[in-house]
Number of protein chains: 2
Amino acid sequence: MAARGAAQNKGPATAQAHQSHNHRECIDDALTRAREICAARDVQLTPLREKVLQIVWRSHKPVGAYDVLDELARSHKSARPPTVYRALDFLMGEGLIHKIESLNAYLGCTEAGAPHSGQFLICRQCGATEEIVDPKLEAALDQAAKRVHFSAEHKVVEISGLCARCAA
Amino acid sequence: MAARGAAQNKGPATAQAHQSHNHRECIDDALTRAREICAARDVQLTPLREKVLQIVWRSHKPVGAYDVLDELARSHKSARPPTVYRALDFLMGEGLIHKIESLNAYLGCTEAGAPHSGQFLICRQCGATEEIVDPKLEAALDQAAKRVHFSAEHKVVEISGLCARCAA
DNA sequence: ACACGGGCTGTTATCTTGTAACATTGCGCC
DNA sequence: GGCGCAATGTTACAAGATAACAGCCCGTGT
Ligand SMILES: [Zn+2]
Ligand SMILES: [Zn+2]
Ligand SMILES: [Zn+2]
Ligand SMILES: [Zn+2]
């Protein structure tokens, strides 16, 4: 998966969302992976759900539900809010997208298939949002909860600021 | 307007959300501290703002803006959404309350005066939400951002699950 | 005194985000 | 050929947040 591979690279790393890259590959990889995952789990990635996933993956910026709706409606006249929210709920349930709580928006998951709670770096300048997987951060979260005997289930980590490119 | 309905509890009725304690003290301390802070900064903690702060501090559960509004309206008939949001914005600006992004709700800050980004443990059962300050977690967040040359400005950390009491 | 300006609040209307509730369709199964 | 279930269609509304403009209060300068 292109996005995933980039995230693992050591180099000037953030920049997947910024550096020009073949985003078509990101989309294709995400859709292929989603089909595999849903097939393996025997759940239905219907055309509607797949279309919504595609729309969410149009960029590396979180996209609002009503933006998804506008886009979806171009090819699917009967689309209404529940249409979109159901698809988004399904995709979240299968771990194919994440909700960015601080933006009320949705983002394709670059680590689909491996259950995880997302950790996000959100550029306030360009909007590009990168999902990171940082075991030390994960451990620190678990430790913090454990310290007060709190049983953690879902973790929201959203850091906003300036990406490397925009800071320069 | 009236159609929006009355305030109701977010948690179960049982919900002694947290360990029993003299919550009056929590409120008094928070208000005293807020007055000191605002005086020191030469900003106005007006009666309206103080009242809103008081309402937010009625419990250790995050409270929605419209719940604040309903409560405020009991003593302040002219209260409208902008009334509440302005007060909440002021209080957030001065670091006296936090917004819990994953709940679209607001919570009194227990560390007012010391600039910090909040870290929260949210019990899905009783609603009680505890603000923690964990330097190791803070460091892990900074490290994670630094690793990809991201300049962090605001950090959202919200862990939901079961508090010690509810897990037992 | 009086005009001015800035900060706070009042007021109306609207926008954005998300759900409830019920109807309909399509398909595997018996 | 009727049943059950998952997915989608459809209508209506709830919940969260802001835009835009009006009025008020009070301190300052003249
Ligand atoms: Zn891409
Ligand atoms: Zn950027
Ligand atoms: Zn208390
Ligand atoms: Zn609890």
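**A tour of the zinc site and the surface near DNA strand C**

In sequence, the residues that donate to the zinc ion (ligand 4) follow the spacing C-x2-C-x36-C-x2-C. This is a predicted model, in which local features need pLDDT of at least 70, side-chain atom pairs count only at pLDDT 80 or more, and totals for chains, interfaces and linings use all residues. Residues are numbered from 1 along each chain as its sequence is written, chains are lettered from A and ligands numbered from 1 in the order in which they are written, and side-chain values use heavy atoms, without hydrogens and water.

Select the zinc ion (ligand 4) with B:Cys123, B:Cys126, B:Cys163 and B:Cys166: the SG atoms of these residues coordinate the ion at 2.1 to 2.5 Å (donors are N, O and S atoms within 2.8 Å of the metal, or 3.2 Å for Na, K and Ca). The site is tetrahedral, with angles of 97 to 132° among the 4 donor atoms (four donors with all angles between 85 and 135 degrees).

Next, select DNA strand C and the 19 residues that surround it (a heavy atom within 4 Å). The closest are A:Tyr66, A:Lys99, B:Thr46, B:Ser78 and B:Arg86. Sugar and phosphate make up 48% of the strand atoms that come within 4 Å of the protein.

Finally, display three side chains for their polar contacts (N or O pairs within 3.5 Å). An N or O atom of A:Arg86 is 3.3 Å from a base nitrogen of DNA strand C. Phosphate oxygens of the strand lie 3.3 Å from such an atom in B:Gln44 and 2.8 Å from one in B:Thr46.

Definitions and conventions: Tetrahedral: all angles 85-135°; square planar, octahedral: opposite > 155°, others 65-115°. Polar contact = N/O pair within 3.5 Å; in protein donor to acceptor, adjacent residues only side chain to side chain.
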